[in-house]
Amino acid sequence: MSVAPTDSDVVHSSWRVRIDWNRLTPIALSQAIGLACGVTGATIASHWITPADYGAFGLFLACAPLGMWVVHAGLLKGVSRQWASSTDRPALLREALTEGARRLPWLALATAVAACFLDRSHWLSSWLALFVASTLLSCGSLAQIALQAVRRHWADLAVSAAGSISRTFLPLLLYIGLNASVTSLQLGFVGHACLLAFTGGLLLKTLPASRTSSPRILQLDTVYRGSLFLVLAIAAWSLSGATRWIAAGYFDGDTVGYFTFATNLAVIATGMPGIIATQYAQPGLFAAPHVARENRLALARRVDRIALVYTAVSIAAVFSFWIGTPWLVGSLIGRAYEPALDYLASACGFGMAVQTAQFYHLLLLAGKRERACGPVDLLTSALLIAGAIVSAALKGEDGFLIWLGTSPLTVWLITRPLARRLLLQDIAADSPKPGAGR
């Protein structure tokens with residue numbers, strides 16, 4: 001006699017750790033290629049690009065994802081959440097592209113404003129580069145999200161590798177080969193965005209079409225079309241680039257260049273482990289049961305384990321950087337950028353805080369508590385940014401770096417408890433009160 005699995009069985013099975021190497025291998029390879037490109041690019045940049053130009057290009061890079069991180073963020077999250085279960089993926093893709101095209105005027109306005117803060121003497125060229133790059137990055141991101149949602153990680157590896165190689169070398173080639181200017185770096189990045197979108201679109205066509213004979217209906221949930229995820233995306237984008245802008249506001253140009261270089265190294269130590277963990281775990285989190293309280297508790301425990309493993313790996317990576325510092329300078333890092341290493345630990349700390357907060361954002365999405373992302377994400381962003389501003393204003397560079405280095409504590413002490421409470425809040429509201437029904 002067979003017995004159907006209970007909620008308790010689901011909870012206990014969630015603690016089992018099974019690694020699908022056919023999925024993890026291409027994800028890890030993607031990040032390994034990105035790491036190799038990042039290290040090579042940082043080495044070349046530290047020898048050929050002046051700190052002032054590098055700092056200015058870093059601000060451009062902070063604005064380039066305005067499309068996929070802000071204007072189109074809700075659409076991309078909706079596709080990520082619903083692509084795997086869609087019964088008509090071509091219709092879902094058309095729906096996302098149509099809605100994305102409607103938002104292009106807003107992207108044009110956002111990039112125009114951003115260009116004003118980059119270089120007013122070359123405003124038009126900066127704006128055109130930002131707008132084109134942002135639009136194409138959204139298209140490339142849409143393709144990668146669709147590939148990842150159905151676990152086509154080898155195809156995603158091809159897109160990611162093309163993006164890593166072009167992002168690293170095209171700006172450098174134009175800077176060295178044409179003229180040593182920030183405009184050359186920007187044009188190289190536009191070329192990268194073109195290649196990423198083209199490769200993503202090409203491989204997206206290889207996915208088998210999932211169709212249904214039922215009447216077509218809008219598949220993207222209303223919450224992903226509304227203003228909530230736009231507001232959250234603005235907060236996330238502000239958080240991702242806030243430290244560079246704060247440094248630019250309080251410190252000199254060379255310091256901004258050193259700090260930008262350190263944040264790029266921090267992406268290797270803290271960003272890549274986060275991307276691997278997210279890409280590997282997200283499909284399983286989104287497919288997991290989430291209706292019963294036991295299911296949501298199991299989801300919360302899974303995310304806690306992911307966050308803890310990520311933290312341990314990132315700390316080990318940062319420690320390895322610190323140990324290897326004497327061998328990095330002069331070989332992989334030019335002598336002119338040696339002061340950047342003083343900023344590395346703090347940049348890594350802030351990167352860990354941002355990535356750990358994203359795990360609890362995923363937790364709320366997996367539990368279909370999208371609207372709860374509002375208070376959690378906004379409070380986290382506000383605390384991290386406000387702390388950075390206040391520390392820089394009151395304590396200068398030392399206080400700023402101390403705050404960044406200790407910022408993961410904010411996520412563990414505030415973000416995590418709040419996300420868990422809101423995840424279970426509607427379950428508690430629907431639960432029968434003691435004595436009810438007697």
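Reader: Is Glu370 buried or exposed in this model?
Author: Keep in mind that this is a predicted model. The cut-off for buried is under 20% relative accessible area. Glu370 has a relative accessible area of 8%, so the label for Glu370 is buried.

Reader: Which side chain meets Glu370 in a salt bridge?
Author: The contact is N to O, at 3.2 Å. The partner's relative accessibility is 31%, so that residue counts as partly exposed. The side chain that meets Glu370 is Lys368.

Reader: How far apart in sequence are the parts that Arg416 and Asp304 tie together?
Author: Arg416 and Asp304 form a salt bridge, with their closest N and O atoms 2.9 Å apart. Arg416 sits in helix α18 (residues 408-430), while Asp304 belongs to helix α14 (residues 293-323). So the pair ties together parts whose separation in sequence is 112 residues.

Reader: And of that pair, which residue is buried?
Author: Arg416 has a relative accessible area of 24%, which makes Arg416 partly exposed. Buried means under 20%. At 10%, the buried residue is Asp304.

Reader: Which helix holds both Glu99 and Arg102?
Author: Glu99 and Arg102 form a salt bridge, and their closest N and O atoms are 3.3 Å apart. The two are three residues apart, about one turn of the helix. That helix covers residues 89-102 and is α6.

Reader: Is Arg102 buried or exposed?
Author: Its partner Glu99 counts as buried, at 13% relative accessibility. For Arg102 the relative accessibility is 59%, and the cut-off for exposed is over 50%. So Arg102 counts as exposed.

Reader: Which residues are linked with Glu99 in a network of salt bridges?
Author: Arg102 has already come up as a salt-bridge partner of Glu99. The network takes in another arginine as well. Linked with Glu99 are Arg102 and Arg103.

Reader: How many salt bridges does the count come to?
Author: Among them are Lys368 with Glu370, Arg416 with Asp304 and Glu99 with Arg102. The count comes to five.

Reader: Zooming out, how many helices are there in the protein chain?
Author: Helices α6, α14 and α18 have turned up already. Strands number zero in the protein chain. The helix count is 18.

Reader: What share of the contacts between residues at least 6 apart joins residues at least 24 apart?
Author: The protein chain has 438 residues, and 53% of them count as buried. For contacts between residues at least 6 apart in sequence, the share that joins residues at least 24 apart is 83%.

How values were computed
Residues are numbered from 1 along each chain as its sequence is written. This is a predicted model: local features need pLDDT of at least 70, side-chain atom pairs count only at pLDDT 80 or more; totals for chains, interfaces and linings use all residues. Side-chain values use heavy atoms; hydrogens and water are left out. Helices (H or I, at least four residues) and strands (E, at least two) are DSSP runs, numbered from the N terminus. Buried means under 20% relative accessible area, exposed over 50%, partly exposed in between (1.4 Å probe, protein chains only). Contact means heavy atoms within 4.5 Å. A salt bridge is a side-chain nitrogen of Lys or Arg within 4 Å of a carboxyl oxygen of Asp or Glu.
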